[in-house]
Amino acid sequence: MEFFSHQTSYPFMATRKVWYTLSALLMIVSLGSFFARGVNLAIDFTGGVSAQATFAQIPDLDQVRTRLVAAGFREPSVQVFGSARDIAIRLPPDPKQTAGGIRTELETAVRAIDPGAQVMQLDVVGPQVGNELKVSAIEALGFTLLGIFLYIAFRFHTWRLSLGAILAVLHDPILVLGFFAVSQMSFDLAAVAAILAVIGYSLNDTVVVFDRIRERFEGNRRSPPDVVLDQSINQTLSRTIMTKVVTSIVVVALLFLGGPVLKGFSAALLIGIIAGTYSSIYISSAIALDCGLTAEHVFPTVKKAALDHLP
Amino acid sequence: MLEYARWKYLLVAAVLLLALVLALPNVFGEDPALQVARKDHGAVTPDAEQQVESFLKTHGVRFEKGYIDQERLMVRFAAVPDQLAARDAVNGNEDFKNTYITAVSFAPRTPEVLRALGLKPMPLGLDLRGGLYLLYQVDVNSAISQALEGYATDVRRVLTSANVPFRDVAAGAGGQADAIRVQLAPGADVSAARSALNQPLQGLAITTSSDGAGPVIEAVMTTAQIRERQDYAIQQNITTLRNRVNELGVSEPIVQRQGVDRINVQLPGVQNSAEVKDILGRVATLEFRLEDMQNSAVEAEQLGRAPLGSKLYTHTRIGRPILLKREVIATGDQLTNATSGQSQEGPAVNVRLDARAGDNMLRTTRANLNKRMAVVLIEKRPETVEIDGKQVTREVTDEDVINDATIRGVFSNNFQITGLQAGEARELALLLRSGSLATPLILIEERAVGPSLGRENIAKGVTALIVGMAGVFLFMALYYQTFGLVADLVLLANVVLLAALLSLWHQVLSLPGIAGILLTVGMAVDANVLIYERIREEIRKGVSPQAAIRAGFEKAFSAIADSNITTLIAGVVLWVLGTGPIRGFAVVLTLGIATSMFTSLMGSRALLTLMYGGRRKLVSLAIG
């Protein structure tokens, strides 16, 4: 079986204005909704209480909310979580409440609605921890990007390829953040881990394409750069699509079977992998071309060395 | 012809065999178990094991197997009712109850042979087995101010006895949280003051100056001293928490430092967080008191009351009833340090008190040479009880005599407790420290997962793992035919290798960890795809099948190495900066990259060479 029985020759470079426009639009929507609405930060970052209760009978959400308010909980958010009998309760951080008291109070309040109800999971995060996690998440993101920039600068001797790779790498986490801003899906610590993994994976594709560009330039020094870039992308296309299809299979399995804990994580991965595949095919090489990439840049000293070896 | 060096075959075979053995403990599952540990933290001996086992047999409790693991006895059962019956039987026996702490838990069904080799399955995280996670913050600043208060007390005493007039000794004065300021009276002898202060303020940076009110001496704690003090405070709290966690009878608890000033406590299987937090949040102190040697403790125990001026302690850590005088010589907040060490008479505990307690100790020891002195550990904890349907919180005090020893010389604030075994000395130093003035602990994070939710999480994780892997395997076999099957074998080997490494290093497996394993499978495909696509390309160019395989591996190498390094960077950052489950994910991601490089570059090449290398008339490859 083969997706591409003959070598494809899609004109990626000639059509790059279309892809630039598409990316620009996606970026604007992502950044716009990120700054306008923000992402729905989980208690990992905000502090507060997150609990999961299972009821014996399907409860009335409004009633649960009213009872919780009556029991002295401020602004409780009550949602269905998994099946209709599983309820997720979220409370903002309250300095007056001690972590110790919350469980008992919550259990009492929930049992008053339904004697068979059980608190299955209870997370209480102090505001100081939340703030710290926010800082360390940003730190992790910063260090990963820095590490990758250094690696790219070291690996590809020309800034034209580096810039292409960096813009493609930035492109993907922004789209993931945009997805979280638009969908208002809960953004937790695991989603940050997923974004970091996405940065790694997305660059992985770009690197494979660039590796091929280098190889092609070595063989056809005279060919025009846009032809070489098109050939390189087309030749690695089968691999890029294959790998991503297979990775998507496992991520979709996680998304639908892994349960609510892994929902944000797998959603971030899926969006990131799709964005990463797109950006490494359509964006990274096109940027390098627009920066004036030629064979000269990839092999600056080889020409002289090659001449020396001529008889 | 396609060849592959013999040593490479051997390496691949050896690594895979080793991985199979290391990963093997994970497939046996778990049984309900009862953990029996000694209350005094000593090792459970094989004799004691015999004793407990025959006790269970005579009580008609059926059990599968008993064995000693890390100084504790583990007894495995076929079913939970047997486990609970055994716990009730052991706790119902007065002798056992006084000697042992029992905890119900789960024990791996790993065969004897593997356990003897030290092979264990990956421990499961709290999200998979249920339990309680608590994160405490230690108020390290209060540890510093306590130390400064201690210095200030010493300074006042030394200056008074040296007859140097002073107006004020203030700790943390003048906006400097790490300094004490001594305001001497006008015309006071500054050099006499300085030389008197040398001993109590040893190691501090001392400066002298003078202001309108007279000469001023300032002493600042150095960075190293502050750090030492903070570390001591954290260590002391960890010790205290560990002791209390042990009392809870939880199996495999974790109490560890996290960052600069945090301690995390993980209690698998614990549900009732209120009770746990009561016990962990206790306030402890110590009392040094003289033993009442005129009266008999045994007699007092029989009478049920103590003589006037004394107090009777019956169930004590020292193993006998004891009568102690009511006067207190020194208390826990006066203890500044207790460390275990060596003396001429073997292991010892070095105790250091503050100056005031030192004076008291000097007077007492002078008058009571060769009498006995004991140390009582007193812990107060809030306990919530239900009275007439109302929740009432009251304070409960637990007292225990942790040591008694003969006064063999006259001493003041610096002395040794000797005549101990090595383990006892460490234990006593820890206990003494847990009773010294504790730095406040603040609970800042709590996460509880019910056991049924844990089971649900495991089921979901495993289902996702199986379905995801099956999908990948099927897809690869369809797309690359025979080569796809080879890739499937290689992927399977990769999972085994990964599980082996995780088990070997006892990495806790959490739900994100399972996701990491699945993701590794997805990404490990990449290396195979790179190689196979390259082989297809070579074949299209008209290269012979065997040459195509060789070229495929060789030309794909740089792309594989490059692309893995990028993921590695993200993995390592997460590993270093992440905590808890995120770290679990990062560990799997990072190790997975290493194992997938090995299996797809060496493993699959060995297999393909074995399959195609020897065939002379190979016309085509089944690569789809």
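In chain A, 79% of the contacts between residues at least 6 apart in sequence join residues at least 24 apart. The model is predicted. Buried residues account for 47% of the 311 residues of chain A. Its secondary structure consists of eleven helices and six strands. The radius of gyration of chain A is 25 Å, whereas a compact globule of 311 residues would have one near 19 Å. Along the principal axes, the C-alpha trace of chain A spans about 95 × 45 × 30 Å.

Chain B has 624 residues, of which 43% are buried. It contains 17 helices and 20 strands. The globule rule gives 25 Å for 624 residues, but the radius of gyration of chain B is 33 Å, so chain B is more spread out than a compact globule. Its C-alpha atoms fill a box of roughly 105 × 75 × 55 Å along the principal axes. Among contacts in chain B with a separation of 6 or more, 72% are between residues 24 or more positions apart.

Helix H16 of chain B covers residues 545-577. The end C-alpha atoms of H16(B) are 47 Å apart. This agrees with the expected span, because 33 residues at 1.5 Å a residue should span 48 Å. H16(B) nevertheless bends, by about 40° at B:Phe557.

The two chains touch through 58 residues of chain B and 54 residues of chain A. On the chain B side, two or more residues each come from helix H10 (273-280), strand S20 (441-449), helix H14 (451-504), helix H15 (511-540), H16 and helix H17 (580-612). H14(B) gives the most, with 14 residues. By class, the side of chain B that touches chain A holds 33 nonpolar, 16 polar and nine charged residues.

Strand pairing also links the chains. Strand S5 of chain A, residues 118-125, is joined to S20(B) by five bridges. The two strands run antiparallel. Within this pairing, A:Asp123 stands opposite B:Arg447 of S20(B). S20(B) is thus found both in the strand pair with S5 of chain A and among the elements that give two or more residues to the side of chain B touching chain A.

Note on methods:
Residues numbered from 1 in each chain as written. Chains lettered and ligands numbered in written order. Predicted model: local features only at pLDDT ≥ 70, side-chain atom pairs only at ≥ 80, totals over all residues. Helix = DSSP H or I, 4+ residues; strand = E, 2+ residues; numbered from the N terminus. Rg over C-alpha atoms; globule rule 2.2 N^0.38 Å. Buried ≥ 20, exposed ≤ 12 C-beta atoms within 10 Å, placed from the backbone. Contact = placed C-beta atoms within 7 Å. Expected span 1.5 Å × (residues − 1). Bend = angle between axes of the 7 residues up to and from the residue. Nonpolar A, V, L, I, M, F, W, Y, C, P; charged D, E, K, R; others polar. Pairing = 2+ DSSP bridges.
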